[in-house]
Amino acid sequence: MQINTIQTQAYSDQKPGTSGLRKKVKVFQQDHYLENFVQSIFSSLEESDNKSLVIGGDGRYFNREATQIIVKIAVANGFTDFIIGQDGLLSTPAVSHLIRKYKTLGGLILSASHNPGGPDEDFGIKYNISSGGPAPEQYTDDFFAYSQTISSYQIAELDDIDLNTLGEQTIGNINIRIIDPVDDYAELMASLFDFDLLKSVISTGKLSLRFDAMHAITGPYASRILEDILGAPKGSVINAIPLEDFGGHHPDPNLAHAKELAELMFSADATDFAAASDGDGDRNMILGNNIFVTPSDSLAIIAANAQLAPGYAAGISGVARSMPTSQAVDRVAKAMNLPCFETPTGWKFFGNLLDADKITLCGEESFGTGSSHVREKDGLWAVLFWLNILAKKAQPVSQIVHEHWAKYGRDIYCRHDYEAVDTEIANAIMDHLRSQLSALAGQSFASYTVDYADEFSYTDPIDNSVSEQQGIRIGFTDGSRIIFRLSGTGTVGATLRIYLEKYEADATKHAQDPQDALAELIELAEQFCQVKQRTGRVEPTVIT
Ligand code: G16
């Protein structure tokens with residue numbers, strides 16, 4: 001087989017963010033742009049006898065072309081065995097599972113997650129290591145460093161592979177297996193949850209549900225598992241066909257972007273349970289009849305009820321949450337006498353804790369929940385966990401949530417995002433915040449007194465690696481918090497995220513609207529960061 005060496009020039013902007021390299025499709029389509037980054041990954045990996053890879057993506061525009069390019073560069077770099085989802089499709093948690101199950105060296109995920117797709121929208125690429133988890137920073141730093149000095153890449157002269165036909169294709173010593181994207185994942189879910197019980201309540205209509213796949217990757221997964229296996233009526237999964245542009249929408253499961261579903265659940269036609277997932281299938285939003293469950297509460301409720309699912313009946317070793325996620329799960333961990341870890345934003349930070357069995361469950365406020373079954377967050381897994389809890393408890397979602405709050409108190413929570421802010425202004429906002437930190441502790445603002453103010457830094461308890469500048473925290477003496485971070489996943493300007501949290505022990509106040517309950521903190525946040533004043537915006541782009 002002919003291997004060609006192609007001369008190239010480095011691009012300066014190939015630094016992976018919170019979750020891989022995400023850019024506009026047009027950026028990826030520049031000459032040699034994708035090729036440079038893929039070569040940088042392969043050249044940075046340590047020598048290994050394992051020459052196998054999983055490849056798959058969320059089906060967004062450029063997925064198929066990118067898959068073909070990656071295979072050719074991988075072959076030129078010595079890879080011989082490939083597991084690829086049919087049509088180039090695999091959800092992110094499914095890739096993680098396949099890497100672990102078939103013990104490949106790693107995998108490449110083609111997705112920009114919840115970001116929109118299409119020729120003028122976003123694309124992304126992420127490398128996952130042999131544990132199944134996203135490459136930690138030591139790796140991504142190496143990828144970036146290599147990309148800064150790259151002068152050539154290697155590519156095999158191969159015909160495009162047939163991505164449509166299931167089965168094995170052999171080209172010389174190269175073995176390519178095109179697999180059904182859902183089979184292995186569905187089998188894993190059946191091993192964790194009580195499918196017989198779920199079927200008995202779902203197929204009989206005792207538990208009605210709606211799942212919005214947002215024209216993204218979970219369509220085939222949810223249709224197979226919820227409708228074909230568990231017997232939900234056809235049509236329970238909506239927007240089930242993956243589209244290259246997600247139907248022109250943001251495949252982001254929150255109240256703003258999964259509006260149709262949210263409206264249904266707050267109407268007279270609401271089903272007992274509803275959920276949505278994102279572009280690549282790792283996020284989830286949970287809704288009940290007339291109630292939205294925040295991701296932070298969802299994690300806490302899953303942790304408190306973990307023993308109800310067969311895969312977790314033996315108990316859980318510990319829990320973790322990202323720093324801006326509310327402290328709801330901390331209260332459950334305390335009551336259950338379990339270790340609880342606080343990590344920076346980014347699923348990669350859970351990997352070491354999961355590998356060392358320090359934790360079984362973890363989650364993030366950004367609609368991510370997961371467990372040790374894979375090394376990614378997993379949208380459909382969270383949905384099945386909730387269904388298992390509902391089936392076992394035979395109670396509505398709202399009752400489960402309110403009883404949880406009555407027992408542990410409610411961490412009233414919301415996030416305000418200011419998207420596409422001019423990068424210089426965003427950096428100036430963060431600098432302005434930093435400049436105030438040392439003087440804040442002890443000062444009172446309205447009814448709040450600052451307990452601590454700092455910039456979060458994390459030392460990984462397993463490998464002692466240190467990650468600095470992971471968000472600015474202002475904590476108050478009553479446990480309330482305001483956190484400011486710049487997103488690491490946007491592709492236009494900067495996104496300022498403001499996370500607001502207030503603890504309420506009094507059950508008579510648990511029904512409050514978060515925007516009302518947090519009004520004073522929201523005002524204080526503006527006082528500290530001046531985002532409205534500095535950008536001229538009058539309100540956040542998205543509130544979740
Ligand atoms: C990614 C990461 C998550 C992170 C989220 C938001 O999710 O995997 O860990 O919480 O981005 O990050 P940021 O606040 O930096 O935008 P996904 O679903 O986009 O892969």
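How do the residues of the lining of the second largest cavity divide into nonpolar, polar and charged? The points below take up this question together with the ligand site and the largest pocket of the predicted model.

1. The second largest cavity. The lining of this cavity divides into five nonpolar, two polar and two charged residues, which settles the opening question. The residues concerned are F292, T294, P295, E365, F367, Y413, C414, R415 and T544. Strand β19, spanning residues 410-421, gives the most to this lining, namely three residues. The volume of the second largest cavity is about 70 Å³.

2. Cavities as a set. Four cavities of 30 Å³ or more are present in the structure. The largest cavity holds about 340 Å³ of space, and the ligand sits in it.

3. Lining of the largest cavity. This cavity is lined by 34 residues, and those nearest its centre are T18, S19, R22, G346 and T489. By class, the lining comprises nine nonpolar, 13 polar and twelve charged residues. Three elements, α2 (33-44), β6 (122-128) and α5 (137-147), each contribute at least two residues to the lining. The largest share comes from β6, with three residues.

4. Surroundings of the ligand. There are 19 residues around the ligand, and E364, S487, G488, T489 and R497 come nearest. The shell consists of one nonpolar, ten polar and eight charged residues. T489, named here among the residues that come nearest the ligand, is also among the residues that lie nearest the centre of the largest cavity.

5. Polar atoms facing the ligand. Oxygen atoms of the ligand lie beside both side-chain and backbone atoms of the protein. A polar side-chain atom of S487 is 2.6 Å from a ligand oxygen atom, and a polar side-chain atom of K377 is 2.8 Å from a ligand oxygen atom. For G346 it is a backbone N or O atom that lies 3.2 Å from an oxygen atom of the ligand. The ligand on its own has 460 Å² of accessible area, and the protein covers 99% of that area.

6. The largest pocket. Separate attention is due to the largest pocket, which contains about 970 Å³ of space. Its lining is made up of 36 residues, with G17, T18, L486, S487 and G488 closest to the centre. Two or more residues of the lining come from each of β2 (21-24), α5, α15 (423-440), β25 (481-486) and β26 (494-504). By class, the lining has seven nonpolar, 17 polar and twelve charged residues.

7. Residues and elements that recur. T18 lies among the residues nearest the centre of the largest cavity and among those closest to the centre of the largest pocket. S487 and G488, which are among the residues that come nearest the ligand, are likewise among those closest to the pocket centre. Helix α5 supplies residues to the lining of the largest cavity and to that of the largest pocket.

Definitions and conventions. Residues numbered from 1 in each chain as written. Predicted model: local features only at pLDDT ≥ 70, side-chain atom pairs only at ≥ 80, totals over all residues. Heavy atoms only, no water. Near = heavy atom within 4 Å. Polar contact = N/O pair within 3.5 Å; in protein donor to acceptor, adjacent residues only side chain to side chain. Areas by Shrake-Rupley, 256 points an atom, 1.4 Å probe, with all protein chains shown as cover. 1 Å grid on protein atoms, 1.4 Å probe; cavity = no way out; pocket = protein on both sides within 12 Å on 5 of 7 lines; lining within 4 Å. Sits in = over half its atoms within 2 Å of the grid points. Nonpolar A, V, L, I, M, F, W, Y, C, P; charged D, E, K, R; others polar. Points joined across faces, edges and corners; volume = space filled by probe spheres on them. Helix = DSSP H or I, 4+ residues; strand = E, 2+ residues; numbered from the N terminus.
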